[in-house]
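User: I've got a model open and want to talk through its pockets and how some of the pieces pack. Can you walk me through it?

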Amino acid sequence: MKPVIRNKIETYFSQYDVKTYAKGELITLANQAPAGISLLVSGVVEQYDISTEGNKITLNIYKPPAFFPMSWAINQTPNSYFFGAITKVTLRQADPAATVQFLRANPDVLFDLLSRVYSGTDILMRRLALAASGVAVNRLLYELLIEAYRFGVPSAADQTVITIRQNTLAARSGLARETVSRELHKLEKHNLLALSKEGITINIAKLEAALNLIA
């Protein structure tokens, strides 16, 4: 995001009070109207659903300076999902109608939002395609790469460390936790990643090549 666009967004939302949520706290319940359009100031927020079997299905992850849920504000689409704090979260919640007017008055901000929506749509389409393949390792590799792109910490020798937990990978990929654990150890055996207390260390280029090879 360009600094000028981020500054416009932060200036607009600055008129609204700051709210804080503890790690694990729910921000919005499914089938409940949100309190407003949330600008994420700090922390990470998860948008998810609960399947009929009681399993969490992660749909999206937000980090600053994301603001959401815009479909509810623009299209009056009822909110069907949970929004929860993965970490301690600080945000500002704006009036939805005023936020839509802000976007109309600032086409550069609107274009940036549209760009990010399309990026998210591409991720969801890729997830659907990999889920349809029925191959567990494809789905797991993709989630590892997404986590590395968005939250990975570079280390020595072209390595990236991610600290995602196995149950979170299971929720995002739609796999059982036991399947995730088994596939991670298979990937480690083939020298595609390394598991440690610090997290999962990967080489992004190697994982991309492996996904393209087996997808």
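User: How much space lies in the largest pocket?

Analyst: Keep in mind that this is a predicted model. The lining of the largest pocket counts 41 residues, and N60, Y62, R116, V117 and G120 are the closest to its centre. The space in that pocket comes to about 1,300 Å³.

User: Which element gives the most to the lining of the largest pocket?

Analyst: Strand 5, strand 6 (67-68), helix 2 (70-75), helix 4 and helix 5 each put in at least two residues. By class, the lining is made up of 25 nonpolar, nine polar and seven charged residues. The top contributor, with 12 residues, is helix 4.

User: And the second largest pocket, where does the largest share of its lining come from?

Analyst: That pocket holds about 780 Å³ of space. Among its 32 lining residues, E46, K56, I86, N167 and T168 sit closest to the centre. At least two residues each come from strand 4, strand 5, strand 7 (82-85), helix 5, strand 10 (159-162) and helix 6 (166-173). The largest share, five residues, is from helix 6.

User: How do the residues of that second lining divide into nonpolar, polar and charged?

Analyst: Helix 6 supplies five of the lining residues. Taking the whole lining of the second largest pocket, the split is 16 nonpolar, nine polar and seven charged.

User: Is helix 4 roughly parallel or roughly antiparallel to helix 5?

Analyst: The axes of helix 4 (residues 107-133) and helix 5 (residues 136-151) come within 9 Å and cross at roughly 160°. Angles over 145 degrees count as roughly antiparallel. So helix 4 runs, relative to helix 5, roughly antiparallel.

User: What classes do the residues of the contact of helix 4 with helix 5 divide into?

Analyst: On the helix 4 side you'll find D122, I123, R126, R127, L130, A131 and S133, and they meet N138, R139, Y142, E143 and I146 in helix 5. Sorted by class, the residues of this contact are five nonpolar, two polar and five charged.

User: Which strands stand at the edges of the open four-stranded sheet?

Analyst: The strand order is 2-7-4-5, with antiparallel pairing. Each edge strand has a single partner, so one side of it is left without a neighbour in the sheet. Neighbouring strands are turned by 35° against each other on average, direction ignored. The edges are strand 2 (26-28) and strand 5 (56-62).

User: Which residue in strand 5 does Q47 stand opposite?

Analyst: Strand 4 (residues 45-50) and strand 5 run antiparallel and are joined by six bridges. Across from Q47, in strand 5, is N60.

Methods
Residues are numbered from 1 along each chain as its sequence is written. This is a predicted model: local features need pLDDT of at least 70, side-chain atom pairs count only at pLDDT 80 or more; totals for chains, interfaces and linings use all residues. Side-chain values use heavy atoms; hydrogens and water are left out. Two strands pair if DSSP finds at least two bridges between them. Axes are lines fitted to C-alpha atoms, for helices over the stretch in contact, and angles run from 0 to 180 degrees between N-to-C directions. Angles under 35 degrees count as roughly parallel, over 145 as roughly antiparallel, 65 to 115 as roughly perpendicular and the rest as oblique. Contact means heavy atoms within 4.5 Å. Ala, Val, Leu, Ile, Met, Phe, Trp, Tyr, Cys and Pro count as nonpolar, Asp, Glu, Lys and Arg as charged, and the others, Gly among them, as polar. On a 1 Å grid over the protein atoms alone, a cavity is a set of points where a 1.4 Å probe fits but cannot get out, and a pocket is an open set with protein on both sides within 12 Å along at least five of seven lines; lining residues have an atom within 4 Å of a point. Grid points are joined across faces, edges and corners, and a volume is the space filled by probe spheres set on the points.
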